[in-house]
Structure formats: C-alpha cells, structure tokens
Amino acid sequence: MVDKLNRREFLSATAVAGAAMLIDACKSDSSDQKAVVKKSSLNNINVALIGYGEEGKVLLEAFLNIEGVKLVALCDIWEYHRGEGERYLKKLGNEVRSYENYEDLLAKEKDLQAVLIATPDFWHAPMTNTCLKAGLHVYCEKMMSNTIDGARSMVKTMRDTGKLLQIGHQRRSNPRYLFTLNRLLHEAQFCGKLTAIQGQWNRAVKEDFGWPKKYEISQTMLAKYGYKDMHQFRNWRWFKGLGGGPLSDLGAHQIDIFNWWMGKTPKSVMASGGLDYYKNHDWYDNAMVIYEYPVEQAVARAFYQVQTTTSAGGGYYEQFMGDDGTIRMSEDPAICAIYREARATAVSWDDLTQKGYVKAKPLAADTAKVDVRETAALAEYEIPVFFNKPPHQPHLENFFNAIRGTAKLNCPADEAFTSEYVIHKANEAVAAEKKISISDEEVRA
Amino acid sequence: MKIFVSCVSPIVAALLVATAAMAQDKVPLKTQLPKPLFVGTPVPLNVPNLEPPLKGKRADFMVPAGTVLLSKGKKVTASDDSPVTGTLDLVTDGDKAGDEGSWVELGPGKQWVQIDLAKKATIYAVLVWHYHSQARVYRDVVAQVSDDPNFKSGVTTIFNNDFKNEVGAGAGKDQNYVETYQGKLIDAKGAQGRYVRLYSNGNTTNKLNDYIEVEVWGKPAA
C-alpha cells in the first residue's frame, strides 16, 4: 500500500500554521543559486539509480511516492542487491534495466535526464563528474566525497556543465526545518543572540554488517571496484579511502545544519576522538568536536558529538541556543523542542501563537516548585509543523522541481561544499590533536 | 460470616490446589534470541495505537510443561511464490540473525506466509521476527491457526492489529508494535490446528513484507 500524500493531505497535516504561510516558508530562500535550469516541459523525468544498498533503498522508497518521474535503470555491483531491486520494481509494475557498472549504464541508457547516486562515498566524485559530463542532472548522497579535492571537483563540473547537482542533505528540504529557520529563527528572532550550538548523533554498539556467503562478490570484482574484501565492501563507512567515518556518516547531517542555520562557516575547529572500541575499523568510533562561529564581534561555539558505542543522550538533533530562547531540531518530531527564556520580551508569546509559529505545551505540575536559587524553568512550546512523508521525499521533489525549472535547489553542491569542508577539517583536527583555523576563502569551492 | 466461610472454604481450597497444580505444570518458554541490531537512518514513526517499547527483556511467558518448538524446518508456503529476496525455508530454518541473507522478503502490499506443522497441534505461543535491524512497524499483522490449509473454515485468530480490515480477516484490536531482536510474542492461548498463517501489509520503511523467522510453540496432538 503506497503512502502517497497529496498536496491537500500535506496541508491538512501541517494544520496550525496556515496553508499560505507554510507554503511560503517551505520555499528555498537561497538567493545565490548557481545551477538553475530554465523552465521546461518535463512531465516525466527518466531517472537511473546508481547504488541500491541501505541508502539507495531509502531513496527508492521516497522516489516511488513522487509523480512525474520514472525509474528506468538500476545499477549496483552486488547482484544480490541488484536482483532484489529489479524484482521489487517488477512487482510494482516498474520494470527496469539493470547494470553492474555505471559506465555501461550511461553508454546504453540514452533517454535519461537524471541520476540518483547512493554508492559508497569514494565513488561519488567519479560517478557524479561522469554523469554531469554526460549531460545528466545529479542527486548525490552526502558526503559529496571522501576527499576535499573530490568534492571540489564535483562543484567545478557542476559549474562547467551547467547541470544541476543536488547533495543529499535532506533536512534542507524538510518543511519543519524550513519553517523553523525562516519563521522562528530569522523572522521572529526567537533565540535572540545566538551564543551556542549543540548537536549529536549517538548510536549503540552494533555488529558489523555481514553478508550471505552464497552471494559473495568475487575477489576480482571487489578489487576492480576498490574493495579489499567483502567485509570492507559491506562496512565501507569505517574505512579510510572509502568513507569518512562517523563524523562524516552521521555528523554530516548535523554539521550541515550548523552552517545552514548560522548562515556562515566556522573560523576554527578543534576535536578529539579515537578508535577506542572497535578493533577492525580505520575510522574513529567516538568523536567530540568544537567549532567556533564568528558572531557580532564574539564567538558562538558549536559542540558536536558522535558516539558509536552508546545510544545515550537523546538521539540525534541540532540545538541552537541564544539569550532569548533555544530551538532543538531533529528529523524525529518527538525530539524537537523550543524553549523561551524568562527574560525574553522582544516578541510576545501571544503574537507567536497567534501567527501559528509556536504552540504552547502545558506546564508540568511541579514547575512552580523550582528552587529560588535556580534559573526559573523555561516556558515550553512546540513547532506546529508536521508532515507525513519519508524524510528524503521533499528533497527529491525539490531536485525534480529544479529540473523542471519550478524551484531552486535547496542544497546545490557549492553550498554543500562548505559543510563538506568543515567536516573533513574535523576529522583532520582529531588526527592533528590541535585547533585548526578555517578561512573564508578555503571553505568555498 | 462463619457459616459462609465454612461453606466456601472447601471450594476455595480445591481451587487453590488446582491453581497450584496448574502453576507447577507451567514453565517459562525458552528460546534463543539473536544479537540486537538497530542500524541505518532512523525513520520517524507516525503510527497510531503504538505499543510502548519493551524495557529490557520480556517477562517470562509461561507455557504448559512439555511445550516444544513445532515449526523448525517445517514447510512454508506464501502468497508470493517468487520472493523479492530469499527463500521461504528461511522462515523456519532457526536462524534469527537480522543480517542480510537471513530473511525472505515478499512483494508489496498484502501478503501471507503459512507454516504446515505436519499434524494438528495445540499451540501456546507464536514468536515472529519480521525484521529487527531497524525500528519498523509492520502493518496489519494478523496471525491465525486452522486445520484448513486454505483458511476458509475453523480459523482461530490469535493476533490482529489490522484496525481497518485491510487483509480481510476482520478488524483487529491488538496494538501496532516495533519488533526488536526479541521478536513479537503472540499468546496463542491453546488454539488448535495444523497450519499457522501470518499476514502483513508492508511496513513503515517500505511496501514489502519480511520474515526472518517464525516459531510456533505447542504440543502435537496425540
């Protein structure tokens, strides 16, 4: 059963804020979008999916809910996954041609307009560059690349070819994120002066991915595609040269939000981390990072932690803290929260509530019992925007609408590069065990 | 009052003895659990009537002494005879690990799997592992027992959270749930039959229907 959500359902699901205001809030505010195509009459965009692993499956599920697009080809080096995708799509009445090699796909598929790339990070740059040069628009999962040079090359190719390159930081198209950024943080100045940021993604210890022995890829093919063995193929995120470890795999989501919402990049990073727990990985299992963002002749520090040895600490979120209030954002609405300091007077609660920007939560019964020596308990509100789509769907919709010329990309590669750069620098800071400066020039592609 | 007590005391005493005897005949159901796995991008679940997650290990589930695993290696059939992934024998092969290759994945929408226990049995518990490497809710889960392989007659429904009667087995009142490595334990309450059938209708991550393992616990008919 397909959980399609049409526009009417979407609007009713978002309730309180009001339709016109919400639609407006969900538009991209990016003014320096570079790779924009002119209006076209593309009603049915033919698409290929390259990479049908964990993330490829997530993208496919979101893709299947979108109208006006058709998956015509699928590529994965592992027959086990490729066959799974083929059979699934066939059962949905959507037969696809499948390929082991993406260059074969490009050589044979002559009626494509776009590709979705969800392969391991080290393949992103060569695949993206080749596809862009083949005249295709590209949606590439984050991280852009396992190297800064690789990411930079993608931006250059995007500019050289004039094709669209959307990077898969899907929160940038999330209606709740867009609403909160545009209405609460910017328009209402809800947080006041931003003084600190905190983000995290902690995950419990888990076994490495395994694989069914009877479907092992041959050693020759593994070597051809850059893997030492099946374990490395299945667990590439943990290996240098293939992925960027947890700061890149998980941290990229939150650190990208830091840059996006701050509207700037940090001037330095310091970090500590290590390979303390797992014995068969290359990358750090736990890391703690501090970025320094310049704000009004001062500094707002952003702390980020990623732990892959404990799920403690409240899941995954980004929290923006100011002298007037705090906003905690997450893809999981249950984790989202907003708090207003008792001292905040610039905007009234009633005004925000009336506009539909916030909704008051009832105070807990024991709130009044706070010790007089403590800071008074914060009034608690919630963000009244909910949507019932897979998290990646709005970002894909934005990509396809940009191809049609009816939208601007919410995360074009040049914008994503700034996040990419500071994430790579955090990994570098862990290795260097020192504070690293980041200039405005180097962080731009 | 004394008269009343003296009248009912023998009954109460008899009940106590019976209860004690029954309790002595009950034993905890013991199954081997796989390793916990939760990986990948978490999907926010927007599912009504969702059962609170289990805190720690599930409490012992008591079954009559002599209850055995009836389903291991038994024949499995399904509504989809060409699965997206895996083979039907995986449902009863005893492997509950959540890794790739451990599950059979039936096509999109409403699907069922059915286990033939080879002969009639009294069933006390059904344990199901649809998928446990990601927090998912499988939609419209219905479990039934029958002697009829076509499930047209003599059907006992032992679990049903299909509130809207999507699979056509009647509207259910059981809660939605997220499966973990502990699987979902369904109290079969001594239902009798040779066949166990489980329905589902996709899940919160995709439209497919997965089964890592199903265990049917009970006593074969004499």
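Biologist: What does Asp256(A) form a salt bridge with?
Modeller: With Arg172(A), and the closest N and O atoms are 2.7 Å apart. A salt bridge here is a side-chain nitrogen of Lys or Arg within 4 Å of a carboxyl oxygen of Asp or Glu. Keep in mind that this is a predicted model, where local features need pLDDT of at least 70, side-chain atom pairs count only at pLDDT 80 or more, and totals for chains, interfaces and linings use all residues. Residues are numbered from 1 along each chain as its sequence is written, chains are lettered from A and ligands numbered from 1 in the order in which they are written, and side-chain values use heavy atoms, with hydrogens and water left out.

Biologist: OK, and where in the chain are Asp256(A) and Arg172(A)?
Modeller: They link distant parts of the chain, 84 residues apart. Asp256(A) is in helix H12, while Arg172(A) is in the loop between strand S6 (165–167) and helix H8 (175–187) of chain A. Those labels are DSSP runs numbered from the N terminus: helices are H or I with at least four residues, strands are E with at least two.

Biologist: At what angle do H12 and H15 of chain A pack?
Modeller: About 120°, with the axes 9 Å apart; H12(A) covers residues 251–262 and H15(A) covers 413–432. The axes are lines fitted to C-alpha atoms, for helices over the stretch in contact, and angles run from 0 to 180 degrees between N-to-C directions. That angle makes H12(A) oblique to H15(A). Under 35 degrees counts as roughly parallel, over 145 as roughly antiparallel, 65 to 115 as roughly perpendicular, and the rest as oblique.

Biologist: Which residues of H12(A) and H15(A) make the contact?
Modeller: Ala252(A), Ile255(A), Asp256(A) and Asn259(A) from H12(A), and Thr418(A), Ser419(A), Val422(A) and Ile423(A) from H15(A). Contact means heavy atoms within 4.5 Å. By class that's four nonpolar, three polar and one charged. Ala, Val, Leu, Ile, Met, Phe, Trp, Tyr, Cys and Pro count as nonpolar, Asp, Glu, Lys and Arg as charged, and the others, Gly among them, as polar.

Biologist: New topic: at what angle do H3 and H4 of chain A cross?
Modeller: Roughly 15°, and the axes of H3(A) (54–63) and H4(A) (79–91) come within 12 Å. H3(A) and H4(A) are therefore roughly parallel to each other. On the H3(A) side, Lys57(A), Leu60(A) and Glu61(A) make the contact, and they meet His81(A), Glu84(A), Tyr88(A) and Leu89(A) of H4(A). That mix has three nonpolar, one polar and three charged residues.

Biologist: What does Glu61(A) meet in a salt bridge?
Modeller: Lys207(B), at 2.8 Å from N to O. The rule finds four salt bridges across the interface of chain A and chain B, and 31 over all chains.

Biologist: How much area do chain A and chain B bury between them?
Modeller: About 2,500 Å², with 55% of it on carbon and sulfur atoms. Buried area is the accessible area (1.4 Å probe) that two parts lose on being put together, summed over both. In residues, 32 from chain A are in contact with 28 from chain B.

Biologist: Last one: where is the peptide bond that is cis?
Modeller: From Lys142(A) to Met143(A), with omega near -15°. Met143(A) lies in the loop between strand S5 (137–140) and H7 of chain A. In chain B, Asp140(B) has a phi near 55°, a positive value in a residue other than glycine. Asp140(B) sits in the loop between strands S6 (110–129) and S7 (142–146) of chain B.
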